[in-house]
Amino acid sequence: MSFPAVQEPVSTASPRKLRAWIPTLIWLCVLAFFSTDTFSAEHTGGVLLKILHALFGTRFDEQFEQIHFLVRKSAHFCSYGFLGALAFFSWRATFPARPRWTFRWSLLGLLVAAIAGSLDEFHQIFVPSRGPSLRDVFIDTMGGIFFQLAIALWIGWRDKRTAQ
């Protein structure tokens with residue numbers, strides 16, 4: 001009695017596809033580090049104040065709290081927008097298609113940014129010097145949307161320019 005050969009599933013994950021995720025995964029690790037006590041407002045405030053004093057003297061001391069707030073929220077916007085952009089290119093390598101831009105890749109990139117931003121805020125529940133904020137998740141998601149729009153416009157512009 002003979003047994004049919006057991007076929008093992010063929011992996012669709014090529015080394016190229018796996019390598020495409022390395023920058024996204026590294027940036028996720030960086031963002032996880034940013035979510036720790038080391039980057040709490042108490043710690044970043046002193047660094048920012050020293051930079052402002054070195055560049056401008058004490059001219060902005062009265063507005064420091066507002067400047068610090070804007071710098072921190074801008075960091076959220078840019079950090080998670082950048083994550084979404086990296087994820088866009090990772091998804092593009094994972095699900096290749098003929099066009100250089102698809103809504104699917106952008107939506108998946110945006111979802112990565114929004115989910116990571118949500119998990120970041122959840123993590124901050126457990127960090128004594130930090131606290132969760134739905135506003136930060138909103139800012140992270142807006143950064144993701146902005147970066148996805150920038151990618152779509154850039155690719156569209158380049159495709160239009162090369163077609164001429």
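This section describes the pockets, the nonpolar core and four individual residues of a predicted model.

The largest pocket was computed first. Its volume is about 380 Å³. Its lining comprises 18 residues, and those closest to the pocket centre are F34, F39, T44, R72 and A75. Four helices give two or more residues each to this lining: α2 (22–34), α3 (41–56), α4 (64–94) and α5 (103–124). The largest share comes from α4, which gives 7 residues. By residue type, the lining of the largest pocket holds 9 nonpolar, 6 polar and 3 charged residues.

The second largest pocket has a volume of about 150 Å³. Its lining is made up of S40, A41, E42, F69, R72, K73, H76, Q124, S129, R130, G131 and D136. Helices α3 and α4 each supply at least two of these residues. Again α4 gives the most, here with 4 residues. The lining of the second largest pocket divides into 2 nonpolar, 5 polar and 5 charged residues. R72 belongs to this lining, and R72 is also among the residues closest to the centre of the largest pocket.

The largest nonpolar core was examined next. This core has 15 residues, and L83 and W91 touch the most other members. At least two core residues come from each of α2, α4, α5 and α6 (134–163). Helix α4 gives the most to the core, with 7 residues. Helix α4 is therefore the leading contributor to the core, as it is to the linings of the largest pocket and the second largest pocket, on the count of residues given. Beyond the four places on either side in sequence, W91 contacts W21, W105, L108, G109 and V112.Four residues were then considered one by one. R100 sits in the loop between α4 and α5. R100 has a relative accessible area of 32%, so it counts as partly exposed. Partly exposed is the class between 20% and 50%, and R100 falls there because its value is 32%. Leaving out residues up to four places away in sequence, R100 touches F88, R92, W105, I155, R158 and D159. With D159 there is also a polar contact: the two side chains are joined at 2.7 Å. R100 and D159 lie 59 residues apart in sequence, yet their C-alpha atoms are 8.5 Å apart in space.

One of the contacts of R100 is I155. I155 is in helix α6. Its relative accessibility is 5%, so I155 counts as buried. The cut-off for buried is under 20%. Apart from neighbours within four places in sequence, I155 is in contact with F88, R92, R100 and W101. F88 and R92 thus appear among the contacts of I155, and both are also touched by R100. Between I155 and P99 the separation is 56 residues in sequence and 9.9 Å in space, C-alpha to C-alpha.

Helix α6 also holds D140. Is this charged residue buried or exposed? D140 has 0% relative accessibility and so counts as buried. Its contacts, leaving aside neighbours within four places in sequence, are H76, Y80 and G117. The contact with H76 includes a polar one, side chain to side chain, at 2.7 Å. H76 is also one of the residues that line the second largest pocket. D140 and L83 are 57 residues apart in sequence, with 9.6 Å between their C-alpha atoms. L83 is one of the two residues that touch the most other members of the largest nonpolar core.

The last residue considered is L111. L111 is found in helix α5, a helix that supplies at least two residues of the largest nonpolar core. At a relative accessible area of 40%, L111 is partly exposed. Core members must be buried, which means under 20% relative accessible area, so L111 at 40% is not one of them. L111 and L153 are 42 residues apart along the chain, and 19 Å separates their C-alpha atoms.

Note on methods: Residues are numbered from 1 along each chain as its sequence is written. This is a predicted model: local features need pLDDT of at least 70, side-chain atom pairs count only at pLDDT 80 or more; totals for chains, interfaces and linings use all residues. Side-chain values use heavy atoms; hydrogens and water are left out. On a 1 Å grid over the protein atoms alone, a cavity is a set of points where a 1.4 Å probe fits but cannot get out, and a pocket is an open set with protein on both sides within 12 Å along at least five of seven lines; lining residues have an atom within 4 Å of a point. Grid points are joined across faces, edges and corners, and a volume is the space filled by probe spheres set on the points. Ala, Val, Leu, Ile, Met, Phe, Trp, Tyr, Cys and Pro count as nonpolar, Asp, Glu, Lys and Arg as charged, and the others, Gly among them, as polar. A nonpolar core is a set of buried Ala, Val, Leu, Ile, Met, Phe, Trp, Tyr and Cys residues joined through side-chain atoms within 4.5 Å. Buried means under 20% relative accessible area, exposed over 50%, partly exposed in between (1.4 Å probe, protein chains only). Contact means heavy atoms within 4.5 Å. A polar contact is a pair of N or O atoms within 3.5 Å; within protein, one must be able to donate a hydrogen and the other to accept it, and residues adjacent in sequence count only if both atoms are side-chain atoms.
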